[in-house]
Amino acid sequence: MAEIKASLDQDISKKEFWQNFFPKFNIEKDTVFSGSPVSLTEKEQKEIPELMIREGYYRLAQKDLGISFANCTELIKKLDNEGLDPVFAYMYDELWLLQAKVQSLYKLVLGEDCVMHPTFWAWLVSTDKETAGWGPHRDRDRSCLRADGSTRLITMWIPITEATPMNGCVYMVPAYKDRHYNTEKEDIVNFDFQDIRALLASPGDVYIWNHEVYHWGARAAYRPGGEPRISLSYEYAATDTAHIK
């Protein structure tokens with residue numbers, strides 16, 4: 001560990017550093033894509049747009065995402081142990097191919113010509129240190145919504161480990177239960193606590209939400225040696241949004 005930290009300044013910008021850091025994953029290779037892109041059922045294709053308008057989010061359950069979650073967990077834990085932010089996991093091809101597997105989901109919501117927004121992140125929420133995800137917020141304001149309630153911007157959140165209330169899962173206020181959702185009072189919190197939903201998740205699940213819906217990452221309970229909440233996020237924009245850049 002000390003040896004790696006001592007060499008960061010001179011090595012971290014080099015491809016060779018990252019290839020040696022985690023050789024189980026690849027950099028700039030075209031042979032690591034596993035399986036076919038995720039396809040949506042007729043039921044999913046119908047309910048996703050409807051629930052995105054009504055609730056502001058959707059859970060796509062248990063798909064084959066073509067990645068080793070065990071390897072991804074190992075990578076992010078190693079980054080954390082070496083004092084590197086988990087977001088450096090995006091140095092590897094597998095994390096970019098992962099999001100490409102689910103293009104049917106974000107294209108259904110935003111349109112075939114949608115683009116990836118230059119915002120992505122990775123989390124390790126520790127039960128040893130009682131860390132937390134991001135606090136209560138809206139990703140952006142109601143300008144991300146169209147007149148019919150559909151969205152121009154979404155976040156896609158993918159759990160790499162089990163996400164539970166004990167390790168700081170995401171909590172969401174469904175759009176239709178948020179009294180100030182998509183109003184000029186959106187900065188004022190106004191909802192019933194009983195309407196808050198815990199987004200329980202397993203590897204293979206995929207959540208998406210729009211940028212107006214109110215949500216947060218909880219604080220993990222103190223459980224020494226407990227499994228952390230490790231997860232990834234990506235953002236996408238429809239071409240009719242002012243937030244495209």
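Helices, in the sense used here, are DSSP runs of H or I of at least four residues, numbered from the N terminus. In this predicted model, the loop between α3 (15–21) and α4 (42–54) is the place of Glu28. Although Glu28 is not a glycine, its phi is positive, at about 60°. Most residues other than glycine have a negative phi. Glu28 is exposed, since its relative accessible area of 63% lies over the 50% cut-off. A positive phi near 60° is also found at Asn182, again a residue other than glycine, and this residue belongs to the loop between β4 (170–173) and β5 (197–199). With a relative accessible area of 35%, Asn182 is partly exposed.

Helix α4, which follows the loop that holds Glu28, has 13 residues, and at 1.5 Å a residue these should span 18 Å; the end C-alpha atoms of α4 are 19 Å apart, which agrees with that expectation. The helix nevertheless bends by about 30° at Ile48, and a proline, Pro49, follows within four residues. Ile48 is also one of the buried residues of α4, together with Glu44, Glu47 and Met52. The cover over these buried residues includes the strands β1 (57–60), β3 (153–159) and β6 (206–210), as well as helix α7 (103–110). Just after α4, a positive phi of about 85° is taken by Gly56.

The largest nonpolar core comprises 45 residues, of which Phe21, Met156, Ile208, Leu232 and Tyr234 touch the most other members. Helix α5 (residues 69–81) gives the most to this core, contributing five residues. A second core, separate from the largest one, consists of 26 residues and includes Trp157, Cys169, Tyr181 and Val213.

When neighbours within four places in sequence are left aside, the contacts of Met156 include Ile208, Leu232 and Tyr234, which are themselves among the members of the largest core that touch the most others. Met156 is also in contact with Gln99, Val102, Tyr106, Val206, Tyr207, Ser233 and Tyr236. Of these partners, Ser233 lies in strand β8 (residues 229–237) and is buried, because its relative accessible area of 7% falls under the 20% cut-off. With sequence neighbours within four places again left aside, Ser233 is in contact with Thr155, Met156 and Trp157, and also with Tyr90, Phe120, Trp121 and Trp123. Ser233 thus contacts both Met156 and Trp157, of which Met156 belongs to the largest core and Trp157 to the second, separate core.

Conventions. Residues are numbered from 1 along each chain as its sequence is written. This is a predicted model: local features need pLDDT of at least 70, side-chain atom pairs count only at pLDDT 80 or more; totals for chains, interfaces and linings use all residues. Side-chain values use heavy atoms; hydrogens and water are left out. A nonpolar core is a set of buried Ala, Val, Leu, Ile, Met, Phe, Trp, Tyr and Cys residues joined through side-chain atoms within 4.5 Å. Buried means under 20% relative accessible area, exposed over 50%, partly exposed in between (1.4 Å probe, protein chains only). Helices (H or I, at least four residues) and strands (E, at least two) are DSSP runs, numbered from the N terminus. Contact means heavy atoms within 4.5 Å. The expected span of a helix is 1.5 Å times one less than its number of residues. The bend at a residue is the angle between axes fitted to the seven residues ending there and the seven starting there.
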